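Q: Could you walk me through a model with me, a few spots at a time? I'll jump around a bit.

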Amino acid sequence: MQRFTEFEFGVPWVMGFFHQDWIYEGPTAADVVAKHLGEESDEEVLAVRRDAQVLLDHLSSRTLEVLWDAGSQYMPSFERIPGAEWTRTVVDLCAGELSGRADVRPLAGADIEDGFAHRDAVVAEIEQVEFLDAEVRGALVECARRCTPDLAFRVLLKAVVYAPDGSLAMAQYQQMEALGSALHYGEFVVQSVRFLVEEP
């Protein structure tokens, strides 16, 4: 059984909104998130809320800032809105969107897989990605241990895409594929980092 989508989902999907030209999609970061949430399925909005709430419940504001920065190409500054406040804004935007919809069914089955059985493998994968800044790797490990390994792994994939000078050995990528399969991801979640694999 796979997730509700073949593509990235939850908070890493939201992180992807913040590319170099994000400002053309809305005047503020919250407006951009609200716009995309309004265009998506119930499952996607529920997945974002679930991820954001677990981050908010278990990580410090500074750790949240590190994760949002690592998983986004161009995240707005946290000087005025701290990481915890921003993450709460995302939770609230999801709740507001869902409140206006009828017959929203909760996530179930593969969509609530937390990956606790694979925590050690996810932590090992994070620690192997040495081109990520040590603070980023530390925040990802904390996420795997205090939130869910599933969420930490998906944020890792996003951070790998945006890291400068990143590259992956084929063995690393194959381990990521195996984890993605174990976590019931669709075809294109782990495949998003395939372009970084060093060719022999």
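**Cysteines first, then the rest**

A: C143 counts as buried, at 0% relative accessibility, and please keep in mind throughout that this is a predicted model.

Q: How many disulfides does the count come to?

A: The count comes to 0 disulfides. C143 is in no disulfide, and the nearest cysteine sulfur, which belongs to C147, is 4.2 Å away.

Q: And why is there no bond from C147 to C143?

A: Because the sulfur of C147 lies 4.2 Å from its closest cysteine sulfur, in C143, and that is too far for a bond; the cut-off for a disulfide is a pair of sulfur atoms within 2.5 Å.

Q: Is C147 buried or exposed?

A: C147 is buried, its relative accessible area being 4%.

Q: Okay, on to P149. Where is it, and what is it in contact with?

A: P149 is placed in helix α8, which covers residues 149–162, and at 0% relative accessibility P149 counts as buried. If its neighbours within four places in sequence are left aside, P149 is in contact with D114, G115, F116, R119, V122 and A144.

Q: How far apart are P149 and L183 in space?

A: From C-alpha to C-alpha, P149 and L183 are 9.5 Å apart, with their positions 34 residues apart in sequence.

Q: New topic: which residues of α2 are buried?

A: In helix α2, residues 29–38, the buried residues are A29, V32, V33, H36 and L37. They cover an arc of only 130° around the axis, which puts them on the same side of α2.

Q: Why would residues at that sort of spacing point the same way?

A: An α-helix has 3.6 residues a turn, so residues three or four places apart point the same way.

Q: And what do the buried residues of α2 pack against?

A: The buried residues of α2 pack against three helices, namely α1 (11–15), α3 (42–58) and α5 (83–99).

Q: What about aromatics, how many pairs are there?

A: The count comes to 9 aromatic pairs. One of them is formed by F4 and F9, an edge-to-face pair with 5.9 Å from centre to centre and 65° between the planes.

Q: Which of those rings, F4 or F9, belongs to a buried residue?

A: F9 counts as buried, at 4% relative accessibility, whereas F4 is partly exposed, with a relative accessible area of 26%.

Q: And why is the W13 and F17 pair called edge-to-face?

A: The ring centres of W13 and F17 are 4.8 Å apart and the planes stand at 80°, so the pair is edge-to-face; the angle has to be over 60 degrees for that label. W13 is buried, with a relative accessible area of 12%, and F17 also counts as buried, at 5% relative accessibility.

Q: Which aromatic cluster are they part of?

A: W13 and F17 form one aromatic cluster together with F18, W22, W68 and W86.

Q: While we're on rings, what sits over Y173?

A: The charged end of R194 sits over the ring of Y173, at 5.5 Å from the ring centre.

Q: Going back towards the start of the chain, where does T5 lie, and what is its side chain doing?

A: T5 lies in the segment before α1 and, at 15% relative accessibility, counts as buried. A polar atom of the T5 side chain lies 3.0 Å from the backbone nitrogen of F7.

Q: Any backbone oddities? What is phi of D103, and of H184?

A: Most residues other than glycine have a negative phi. Phi of D103 is near 55°, a positive value in a residue other than glycine, and phi of H184 is likewise positive, near 70°.

Q: Where are those two, and are they buried or exposed?

A: D103 lies in the loop between α5 and α6 and counts as exposed, at 74% relative accessibility. H184 is found in the loop between α9 (170–182) and α10 (187–191), and H184 is partly exposed, with a relative accessible area of 24%.

Q: Last one: where is A108, and how far is it from W13?

A: A108 has its place in the loop between α5 and α6 (119–128), and A108 is partly exposed, with a relative accessible area of 48%. The C-alpha atoms of A108 and W13 are separated by 19 Å, the two residues being 95 residues apart along the chain.

How values were computed:
Residues are numbered from 1 along each chain as its sequence is written. Side-chain values use heavy atoms; hydrogens and water are left out. Buried means under 20% relative accessible area, exposed over 50%, partly exposed in between (1.4 Å probe, protein chains only). Helices (H or I, at least four residues) and strands (E, at least two) are DSSP runs, numbered from the N terminus. The arc is that of the directions from the helix axis to the C-beta atoms. Contact means heavy atoms within 4.5 Å. Rings of Phe, Tyr and Trp (its six-membered ring) pair if their centres lie within 6.5 Å; planes under 30 degrees apart count as stacked, over 60 as edge-to-face and the rest as tilted. A charge sits over a ring if NZ of Lys or CZ of Arg is within 6 Å of the ring centre and within 35 degrees of the ring normal. A polar contact is a pair of N or O atoms within 3.5 Å; within protein, one must be able to donate a hydrogen and the other to accept it, and residues adjacent in sequence count only if both atoms are side-chain atoms.
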